Amino acid sequence: MSGLAFWGPFALTVLSNVLYHNIAKWTPVSLSPMLGLGVTYFVSFVLCVIGYYFTGGGIRNDIQDLNWVSFAWGVVLVGIEVGYLLLYRAGWEISLAPLMVNVSAALILIALGVGLYNESLTIKQGIGIIFCLIGFFLVRV
């Protein structure tokens with residue numbers, strides 16, 4: 001696959017991820033994580049409302065599609081945000097924390113993908129997983 005529709009979201013996610021971790025690392029230790037995240041999510045809410053205004057259908061129809069997932073996603077996002085803030089405050093390096101978290105999450109998601117969603121793995125992907133595990137242990141040595 002190629003093209004902007006394929007690589008554009010990837011580039012947006014990578015750029016946002018790099019900025020995300022730098023901003024998390026720059027967050028003052030004296031700032032309450034909950035206050036900081038409250039302001040963060042307020043700004044996010046405003047941006048989502050503006051984005052919805054320009055791209056959404058109609059609130060009366062769309063609101064019917066809301067379910068527990070949106071609320072659960074909100075809880076999980078706060079866990080991720082607080083987790084990274086606390087990791088950086090505990091002294092984790094910006095070059096290692098996301099790597100360790102993402103490799104760990106990826107390995108768990110592989111097991112869930114195969115076990116819950118009947119996804120299959122190729123031999124090539126299996127070799128990649130082995131390299132991830134080796135890298136995981138090498139960076140912590």
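The paragraphs below walk through a predicted model, beginning inside the protein and ending at its surface.

A good place to begin is the largest nonpolar core, which has 8 residues, namely A24, L37, V82, Y84, L85, L87, Y88 and A97. Helix 4, covering residues 68-89, gives the most to this core, with 5 residues. One member of the core, A97, touches Y84, L87, Y88 and W92, when residues up to four places away in sequence are not counted.

From A97 the reader can turn to helix 5, which runs over residues 97-116, has 20 residues and reaches 28 Å from its first C-alpha to its last, close to the 28 Å expected at 1.5 Å a residue. Within helix 5, the residues A97, P98, M100, V103 and G113 are buried, and what covers the buried residues of this helix includes helix 1, helix 4 and helix 6, the last of these spanning 123-139. Helix 5 is followed by N118, a residue whose phi is positive, near 55°.

Helix 1, made of residues 4-26, holds H21. Is H21 buried or exposed? Because its relative accessible area is 6%, which falls under the 20% limit, H21 counts as buried. Leaving aside residues up to four places away in sequence, H21 touches Y84, Y88, I94 and P98.

The surface offers another view, for a nonpolar patch of about 1200 Å² is made there by L35, V39, F42, V43, F45, V46, L47, V49, I50, Y53 and F54. Among them, V43 lies in helix 2, which covers residues 33-55, and V43 counts as partly exposed because its relative accessibility is 44%, a value between the 20% and 50% limits.

Note on methods
Residues are numbered from 1 along each chain as its sequence is written. This is a predicted model: local features need pLDDT of at least 70, side-chain atom pairs count only at pLDDT 80 or more; totals for chains, interfaces and linings use all residues. Side-chain values use heavy atoms; hydrogens and water are left out. A nonpolar core is a set of buried Ala, Val, Leu, Ile, Met, Phe, Trp, Tyr and Cys residues joined through side-chain atoms within 4.5 Å. Buried means under 20% relative accessible area, exposed over 50%, partly exposed in between (1.4 Å probe, protein chains only). Helices (H or I, at least four residues) and strands (E, at least two) are DSSP runs, numbered from the N terminus. Contact means heavy atoms within 4.5 Å. Patches are made of residues with over 30% relative accessible area and no salt bridge: like charges are joined within 9 Å, nonpolar side chains (Val, Leu, Ile, Met, Phe, Trp, Tyr) within 5 Å. Accessible areas come from the Shrake-Rupley method with a 1.4 Å probe; for residues, only the protein chains shown count as cover. A salt bridge is a side-chain nitrogen of Lys or Arg within 4 Å of a carboxyl oxygen of Asp or Glu. The expected span of a helix is 1.5 Å times one less than its number of residues.
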